[in-house]
Structure formats: structure tokens, C-alpha cells
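Me: I would like a close look at one part of this model. Please keep it brisk and connected.

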Amino acid sequence: MHIMDITQNSVRAQAKNIEITVTENPAENLFAFSVKDDGFGMSEELLKRVTDPFATTRTTRKVGLGIPFLRQTCEMCGGKLVLQSSEGKGTYLQASMEYDNIDRPPAGDIASSIFLIIQMNPGIIFKYSYSYNSGSFELDMREVLEVLGGVPADTPEVSAWLKENIREEMENCRTMEGK
Ligand SMILES: Nc1ncnc2c1ncn2[C@@H]1O[C@H](COP(=O)(O)OP(=O)(O)OP(=O)(O)O)[C@@H](O)[C@H]1O
Ligand SMILES: [Mg+2]
């Protein structure tokens with residue numbers, strides 16, 4: 001849910017390219033994800049307000065709940081939120097949590113979420129990297145679209161392949177992780 005919410009921020013910032021990474025690393029007790037975009041970024045003033053944990057109570061102008069809520073979740077779970085943004089260039093957000101933290105929300109169906117994010121934004125080129133301990137997989141939609149040579153990614157065949165590919169590759173990472 002957080003991944004979709006944070007990616008939606010990037011979409012709203014008119015990003016053309018979005019990179020999403022999800023790191024599940026029980027071996028190092030880490031669960032993390034990051035979203036990097038080339039959207040219009042944030043001014044220093046906005047960045048300060050968004051990263052300030054008290055921003056929502058201290059300011060009069062409306063600041064959304066997405067980032068403060070995620071920050072709270074990270075900190076409650078022994079992790080942190082890192083946010084970098086540069087006006088006109090883009091934004092990078094990284095959220096981390098302890099893998100085994102009892103307060104960590106269930107990861108849910110990440111494969112379906114990533115698939116939906118890609119499908120719902122045909123004008124944006126996504127890169128998705130997933131790792132489970134030492135097993136990893138990367139999906140670069142730029143390469144996929146090149147191979148498709150003009151066939152849109154939302155045709156039923158491509159769409160079905162994409163959905164299955166993400167699910168299967170993530171599954172492989174979980175079972176084939178180097179021991
Ligand atoms: N990737 C981004 N690029 C540019 N601006 C961003 C980005 N992410 C967040 N922002 C700015 O920070 C503000 C706060 O983001 P946040 O997700 O916390 O709330 P929101 O998106 O406004 O509302 P909500 O997520 O609750 O619907 C956004 O309104 C936007 O101005
Ligand atoms: Mg938001």
C-alpha cells in the first residue's frame with residue numbers, strides 16, 4: 001500500500017522514469033523499498049516540511065499524509081525514511097524497517113502491486129528491482145518495450161506475461177537465494 005502511495009506521488013510529479021526497488025533480507029533483518037523518479041521534485045521549503053516529523057501539526061498549509069505516515073511506520077519498526085529531492089530533477093525516497101519487527105505491516109502481494117502500477121501508467125517507463133537475501137531480479141520496461149518493438153505493453157498477451165513474469169521471478173528469488 002505504501003509503495004503504491006509513494007509511486008503515485010512520483011506519477012503526480014510528472015515523472016517519465018520511475019525506479020522501484022524492494023529488498024527483503026531476513027538474513028540481515030531488513031525490509032526496505034525505494035522509489036526514484038525524474039519528476040519535478042520538491043523545493044527545499046517543501047522538502048523540509050515533508051520530512052519534518054511535526055510538519056503536519058505545525059503548518060497551516062495542507063501537507064498530505066503519505067510520507068509522514070510511512071515515516072512513522074518505518075520508525076515504529078526500527079528503521080527510517082530517507083528523502084532526497086531536487087527541484088526540476090527528481091526525488092528519491094527510501095524506507096527501511098526491521099524484517100522481524102512485530103509492528104511491520106504485512107508486505108502483501110507486492111508482485112500484483114508492481115504489475116498494477118506499471119499497467120496503470122503506460123506513459124511512464126518503470127524499472128523494478130527485487131531481492132530476497134542474495135537472490136535478485138530486475139525488470140527494465142525500457143528493454144521489454146524495445147523487444148516488443150511497438151506492441152503496447154497493455155495488450156492482453158503482454159499484460160498476462162508481465163504479471164506472471166513478475167510473480168514468478170520474485171518467487172525464484174525466494175527459493176533460489178544463495179545459501
Ligand atoms: N516524488 C515527488 N515529487 C515531487 N513532489 C512530491 C513527491 N512526493 C511528495 N511530494 C510532495 O510532497 C507532498 C506530500 O506528499 P505526501 O505523499 O505525504 O502527501 P500527498 O501526496 O499530498 O497526499 P496523500 O499521499 O495523503 O494523498 C505532496 O503533496 C507533494 O507536493
Ligand atoms: Mg502521497
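In which hand, left or right, does α5 pass α7? Take me through that part and what surrounds it.

Reply: The model is predicted. In it, α5 passes α7 in a right-handed crossing. The two axes come within 9 Å and cross at roughly 145 degrees.

Start with the contact itself. From α5 come Ala111, Ile114, Phe115, Ile118 and Gln119. They meet Ser159, Leu162, Lys163, Ile166, Arg167 and Met170 of α7. By type, the contact holds 7 nonpolar, 2 polar and 2 charged residues.

Now follow Ile114. Leaving aside residues up to four places away in sequence, Ile114 touches Ile20, Tyr128 and Ile166. Ile166 belongs to the α7 side of the helix contact. Ile20 lies on the covered face of β1.

These contacts lead into the largest nonpolar core, which has 33 residues. Ile20, Ile114 and Phe126 touch the most other members. Two or more residues each come from α1 (2–12), β1 (17–25), β2 (30–37), α4 (66–76), β4 (90–98), α5 (110–120), β5 and α7 (156–176). The biggest share, 5 residues, is from α5. In soluble globular proteins, nonpolar side chains tend to be buried together.

Next, β1. Its covered face carries Ile18, Ile20, Val22 and Glu24. The uncovered face carries Asn17, Glu19, Thr21, Thr23 and Asn25. So much for its faces; now its partners. With β5, β1 pairs in the parallel sense over 8 bridges. There Ile18 stands opposite Phe126. With β2, the pairing is antiparallel, also over 8 bridges. Thr21 has Ser34 of β2 as its bridge partner. A hairpin links β1 and β2, with 4 residues between them. In that turn, Asn29 has a positive phi of about 55 degrees.

Step out to the whole sheet. It is open and has 6 strands, in the order β3-β4-β2-β1-β5-β6, with mixed pairing. The edges are β3 (81–86) and β6 (135–140), each paired on one side only. On average, neighbouring strands are turned by 5 degrees against each other, direction ignored. At the β6 end, β5 (residues 125–132) runs antiparallel to β6, joined by 6 bridges. Tyr130 stands opposite Phe137 of β6.

Back to the helices. The right-handed crossing of α5 and α7 includes Ile114 in its contact, and Ile114 also touches Ile20 and Tyr128.

Terms used: Residues are numbered from 1 along each chain as its sequence is written. Chains are lettered from A and ligands numbered from 1 in the order in which they are written. This is a predicted model: local features need pLDDT of at least 70, side-chain atom pairs count only at pLDDT 80 or more; totals for chains, interfaces and linings use all residues. Two strands pair if DSSP finds at least two bridges between them. Axes are lines fitted to C-alpha atoms, for helices over the stretch in contact, and angles run from 0 to 180 degrees between N-to-C directions. A nonpolar core is a set of buried Ala, Val, Leu, Ile, Met, Phe, Trp, Tyr and Cys residues joined through C-beta atoms within 7 Å. A residue is buried if 20 or more other C-beta atoms lie within 10 Å of its own, exposed if 12 or fewer, and partly exposed in between; C-beta atoms are placed from the backbone. Two residues are in contact if their C-beta atoms, placed from the backbone, lie within 7 Å. A crossing is left-handed if the near helix is turned anticlockwise from the far one by less than a right angle, and right-handed if clockwise. Ala, Val, Leu, Ile, Met, Phe, Trp, Tyr, Cys and Pro count as nonpolar, Asp, Glu, Lys and Arg as charged, and the others, Gly among them, as polar.
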